[in-house]
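This briefing is meant to be read beside the sequence and the structure. The points are grouped by topic.

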Amino acid sequence: RARLLAAAAAVVVTAAAARLGERSGLAAGRHSGSVPRRRRHPSNGMGTRVGTGADLALPTTTCRAAGSAGSALSAGSAEWSAPEQDREDDGVESVPTTYRFMVVGLIALALLLCNADRVIMSVAGVPLAALNGWGAKSVGLVQSSFLWGYMLTPLLGGVLADRYGGKAVLGGGILLWSLATIATPFAAATSLPLLLATRAVMGLGEGVALPCMNNLTARWVPKAERSRAVAACMGGFQSGSMVGLLAAPAMLAAGGIAGPFVFFGALGVAWAAVWAITATTFPAQSSKVNAAERRRIEDGGAVVAPAPAATKTDGAVPAVPFKLLLSKAPVWACIVANFVNNWGYFILLAWMPLYFKQVVGLELAKSAYFSALPWATMAVTGVLAGILADHLIASGVSVTTVRKFTQGVGFIGPAVSLVALTFTTTAAGAITALTVAIGCTAFTQAGFLVNFQEIGPRYVGALHG
């Protein structure tokens with residue numbers, strides 16, 4: 001049953017990636033034959049273009065955050081060629097490959113496992129507390145200990161991803177959190193302090209996931225597909241909540257408390273092995289990407305060079321210009337939006353099963369099933385929000401207007417719904433209010449989450465972190 005549930009979530013992610021590919025193919029058909037050949041530029045001998053004259057330009061007003069800022073920031077990193085091969089079109093490769101969708105699908109699967117591993121404790125915490133005689137304070141410590149580690153690594157992981165590549169950082173992160181997930185039930189059987197430490201280590205690993213997602217999609221996906229790509233990845237993220245909440249009760253019944261931790265942790269280790277073999281940080285480094293697809297990605301506005309080290313003779317990547325970044329209002333708008341979004345998101349993610357059990361009065365299995373519905377809704381509405389955002393932009397609506405509209409839906413909708421929740425007295429009313437709240441929250445994925453790539457594409461990992 002658990003494998004069937006995981007397969008169902010994979011279908012959601014795959015459908016989103018397929019939709020992304022379909023829409024991209026249609027767009028390509030409209031422009032086929034019109035893509036200009038890339039001009040060759042002087043190289044510094046390291047496969048990087050020498051000096052373009054535009055290194056960093058951030059917008060100075062919020063209203064221009066999404067439009068002019070992205071093009072200005074990416075101007076200095078418009079081209080990059082892998083030194084080991086020449087990918088100029090020789091007239092033979094006319095049909096682009098679609099390997100970028102494979103990369104997006106793998107990222108979505110990683111985020112699915114990220115959230116599935118995280119929510120297992122929301123379900124397993126109840127029998128663990130009963131087994132070990134923990135009170136409400138101890139259960140709260142177990143839930144919050146994950147965040148002790150999680151708060152330390154988003155910024156560090158984003159900076160490392162921008163400097164050394166998202167492939168290595170994301171692969172190392174999932175390996176760390178998967179091993180910590182496997183160790184969780186054994187730590188719980190030993191002592192509460194060891195369990196708290198294990199959960200903190202798990203948080204350290206998971207903290208790099210979302211900054212790496214933004215880092216990799218900024219490099220692998222052209223601007224026209226950006227909202228859908230992020231929506232597909234985040235669809236995996238929300239599907240992980242659904243899969244974990246639905247599968248955990250059955251796994252607990254079949255394999256004891258260790259069952260779900262070991263199963264999902266082992267899947268993460270397997271994913272890390274596949275990722276190490278198949279993924280690259282830039283499309284130009286992949287043998288699976290032909291010249292036509294590479295041109296579509298690079299000419300479409302993706303980041304194609306390491307943050308501006310093209311003129312450095314020692315090959316060192318300079319530090320992220322935090323002083324400049326933090327002097328811009330659009331950056332702070334995204335940072336505050338990210339904080340507010342995560343504040344509500346993680347509270348609901350960690351405590352919703354206990355809310356349905358202790359406040360609404362449902363038994364554990366029904367509590368988990370009720371908690372899964374809002375996250376399933378969020379996975380679907382997030383994909384729809386991404387499709388809507390890209391469609392509006394393609395129709396001529398300004399990027400800034402689209403981002404503000406989707407962000408407004410993503411914040412106002414949950415605010416109204418959570419206020420309504422305080423007046424409900426039935427399980428049906430509670431699940432309706434929470435489903436609407438979390439479903440609307442998904443619209444923020446086409447708001448501030450994508451906007452990080454538009455206001456600072458070369459430093460998107462650090463900005464998100």
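Arg295 is found in helix H11, which covers residues 291–299. With a relative accessible area of 17%, Arg295 falls under the 20% limit and therefore counts as buried. The C-alpha atoms of Arg295 and Pro96 are 8.8 Å apart in space, although 199 residues separate the two in sequence. The model is predicted, and its confidence varies along the chain, with H2 lowest and H10 highest in mean pLDDT among the elements.

**Confidence**

- The protein chain has a mean pLDDT of 79, and 77% of its residues reach 70 or more.
- Helix H2 (residues 68–74) has the lowest mean pLDDT among the elements, at 39, while helix H10 has the highest, at 96.
- Residues 22–91 have a pLDDT below 50, yet this stretch makes 135 contacts in the model beyond near neighbours in sequence.
- A further stretch with pLDDT under 50 covers residues 309–316, where the model has ten contacts beyond four places in sequence.
- Where pLDDT is low, the predicted coordinates should not be read in detail.

**Overall make-up**

- The secondary structure consists of 18 helices and zero strands.
- The protein chain has 465 residues, and 53% of them count as buried.
- Among contacts with a separation of 6 or more, 84% join residues that are 24 or more positions apart.
- The accessible surface of the protein chain is about 18,700 Å², and carbon and sulfur atoms account for 68% of this area.

**Helix H9 against helix H10**

- Helix H9 spans residues 226–255 and helix H10 spans residues 258–278; the two pack at an angle of about 125°, and their axes are 7 Å apart.
- This angle makes H9 oblique to H10, because it lies between the limits of 115 and 145 degrees for perpendicular and antiparallel pairs.
- On the H9 side, the residues that meet H10 are Val243, Ala247, Ala248, Met251, Leu252 and Gly255.
- On the H10 side, their partners are Ala258, Gly259, Pro260, Phe263 and Phe264.
- By type, the residues of this contact between H9 and H10 are nine nonpolar, two polar and no charged.

**Helix H9 against helix H13**

- H9 also packs with helix H13 (residues 329–359), at an angle of about 10° and with the axes 12 Å apart.
- H9 and H13 are therefore roughly parallel to each other, as the angle is under 35 degrees.
- Phe237, Gln238, Ser241 and Leu245 of H9 meet Tyr345, Leu349 and Pro353 of H13.
- The contact of H9 with H13 is made up of five nonpolar residues, two polar ones and no charged ones.

**Ser122**

- Ser122 lies in helix H3, which runs over residues 99–132.
- The relative accessibility of Ser122 is 3%, so Ser122 counts as buried.
- Beyond neighbours within four places in sequence, Ser122 is in contact with Gln143, Leu349, Ala350 and Pro353.
- Leu349 and Pro353 are also among the H13 residues that meet H9.

**Ala276**

- Ala276 has its place in helix H10.
- At a relative accessible area of 48%, Ala276 is partly exposed.
- Ala276 and Leu170 are 106 residues apart in sequence, and their C-alpha atoms are 10.0 Å apart in space.

**Helix H17**

- Helix H17 covers residues 448–455, and eight of its eight residues are buried, so H17 is largely enclosed by the rest of the structure.
- The buried residues of H17 are Phe448, Leu449, Val450, Asn451, Phe452, Gln453, Glu454 and Ile455.

How values were computed. Residues numbered from 1 in each chain as written. Predicted model: local features only at pLDDT ≥ 70, side-chain atom pairs only at ≥ 80, totals over all residues. Heavy atoms only, no water. Axes fitted to C-alpha atoms, helices over the stretch in contact; angles between N-to-C directions. Helix = DSSP H or I, 4+ residues; strand = E, 2+ residues; numbered from the N terminus. Parallel < 35°, antiparallel > 145°, perpendicular 65-115°, else oblique. Contact = heavy atoms within 4.5 Å. Nonpolar A, V, L, I, M, F, W, Y, C, P; charged D, E, K, R; others polar. pLDDT = per-residue confidence, 0-100. Buried < 20%, exposed > 50% of the residue type's maximum accessible area, 1.4 Å probe, protein only. Areas by Shrake-Rupley, 256 points an atom, 1.4 Å probe, with all protein chains shown as cover.
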